[in-house]
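Please open the structure in your viewer and keep the sequence panel beside it, so that each selection can be followed in both places. The tour moves from one stop to the next, with a short account of what is there.

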Amino acid sequence: MTPGLRYLPGHLALPEQRQLVEDLRLAVAAAPLFTPVMPRTGRPFSVRMTNLGSLGWVSDRAGYRYQPLHPDTGQPWPAIPGVLLALWRTVSGYSHDPEACLVNFYSGGARMGLHRDEDEDDFTAPVLSVSLGDTAIFRIGGPERGGKTGTLKLNSGDVLVMGGPSRLCYHGIDRVLTGTSTLLKDGGRINLTLRRVTKP
Ligand code: MD3
Ligand code: FE
């Protein structure tokens, strides 16, 4: 019960999920997954990442930021696939297209600690998340660290829309349940988050 959070279980049908995986294989060939590290400490994330769109989110010793180029190849990020733009236009309720699609890849023991997404200039747009592959245990709390939290299982094809007050809630991934999906040949989980970064 988080105001502004919409959970659309199984919103993406299997053919669309398969199309997305094919699009992502091409995108990752051009914009390889990288291992972000924490600002200052340089401690690596257990999740690997890449981005699609005009801006991509990166984290390195210098900090968190959005930038137009891949940190390793120096090339622009690949385009956001049509399936995702169509999804945004259908469910976001926001009249401008997203600028960033962060791609998070979780293998076996990967997780994501509780955090808020606050590196964007526009918090009026929702963040839209698509889960592909193995099921994850998603945790969501309130706007303050240390508040009450709850969990939700995210299965392949599930869509979450974080709008309104939920946009600035703490959230993370406790763990991924290995072997719960056959969508990805080598297992694991992909999460795609569509974001508006700048004010239109
Ligand atoms: C609630 N990703 O990329 S998706 C992230 O599954 C991120 O990889 C997780 O947190 C993942 O920043 C969770 C669901 C999600 C995404 C963004 C949110 C929930 C959110 C932004 C605000 C509130
Ligand atoms: Fe997040």
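The stops below begin with the metal site, continue with the bound ligand, and end with some individual residues along the chain. Please bear in mind throughout that this is a predicted model.

**The iron ion**

Select the iron ion, which is ligand 2, and display the side chains that coordinate it: His115 through NE2, Asp117 through OD and His171 through NE2, at 2.0 to 2.2 Å. If you then turn to the sequence panel, you will find these donor residues spaced in the pattern H-x1-D-x53-H. How exposed is His115, and how exposed is Asp117? His115 counts as partly exposed, because its relative accessibility is 21% and the buried class is reserved for values under 20%. Asp117, with a relative accessible area of 9%, is buried.

**Ligand 1 and its surroundings**

Keep His171 on display and select ligand 1 next, since His171 is also listed with Asn104, Tyr106, Arg189 and Arg195 as the closest of the 20 residues that surround this ligand. Ligand 1 sits in the largest pocket. To see which parts of the chain build the shell around it, colour the elements that give two or more residues each, namely β5 (100–106), β6 (112–115), β7 (127–133), β10 (159–162), β11 (171–176) and β12 (189–195). Which of these elements gives the largest share of the shell? That is β12, from which four residues come.

Now look at individual atom pairs around ligand 1, taking the side chains one at a time. An N or O atom in the side chain of Tyr106 is 2.5 Å from an oxygen atom of the ligand, and for the side chain of His171 the corresponding distance to a ligand oxygen is 2.9 Å. Asn191 also has a polar side-chain atom that lies 3.3 Å from an oxygen atom of ligand 1. Considered alone, the ligand exposes 490 Å², and the protein buries 98% of that area.

**From Asn191 to Ser129**

Stay with Asn191 and add Ser129 to the selection, because a polar contact is a pair of N or O atoms within 3.5 Å and the side chains of these two residues are joined by one of 3.0 Å. Ser129 has its place in strand β7, and with 6% relative accessibility it counts as buried.

**Arg40, in a loop**

Move next to the loop between α1 (14–30) and β2 (48–53), where Arg40 is found. What is unusual to look for in its backbone is a positive phi of about 70°, although Arg40 is not a glycine. Its side of the picture is completed by its accessibility, for Arg40 is exposed, with a relative accessible area of 73%.

**Pairs separated in sequence**

The remaining stops each ask you to select two residues and to compare their separation along the chain with the distance between their C-alpha atoms. Begin with Asp174, which lies in strand β11 and is partly exposed at a relative accessible area of 28%. Asp174 and Ile137 are 37 residues apart in sequence, while their C-alpha atoms are 5.5 Å apart in space.

Select Leu152 next, in strand β9 (residues 150–154), a residue that counts as partly exposed at 24% relative accessibility. How far from Leu152 is Ala136, in sequence and in space? The two are 16 residues apart along the sequence and 8.3 Å apart from C-alpha to C-alpha.

Then go to Arg48 in strand β2, which is partly exposed with a relative accessible area of 36%. Between the C-alpha atoms of Arg48 and Gln67, which are 19 residues apart along the chain, the separation is 17 Å.

The last selection is Pro76, whose place is in the loop between β4 (63–67) and α2 (82–91). Pro76 counts as exposed, at 55% relative accessibility. Its partner for this stop is Val47, 29 residues apart from Pro76 along the chain, and the C-alpha atoms of these two residues are separated by 21 Å.

Notes: Residues numbered from 1 in each chain as written. Chains lettered and ligands numbered in written order. Predicted model: local features only at pLDDT ≥ 70, side-chain atom pairs only at ≥ 80, totals over all residues. Heavy atoms only, no water. Donors = N, O, S within 2.8 Å, 3.2 Å for Na, K, Ca; no water. Buried < 20%, exposed > 50% of the residue type's maximum accessible area, 1.4 Å probe, protein only. Near = heavy atom within 4 Å. Polar contact = N/O pair within 3.5 Å; in protein donor to acceptor, adjacent residues only side chain to side chain. Areas by Shrake-Rupley, 256 points an atom, 1.4 Å probe, with all protein chains shown as cover. 1 Å grid on protein atoms, 1.4 Å probe; cavity = no way out; pocket = protein on both sides within 12 Å on 5 of 7 lines; lining within 4 Å. Sits in = over half its atoms within 2 Å of the grid points.
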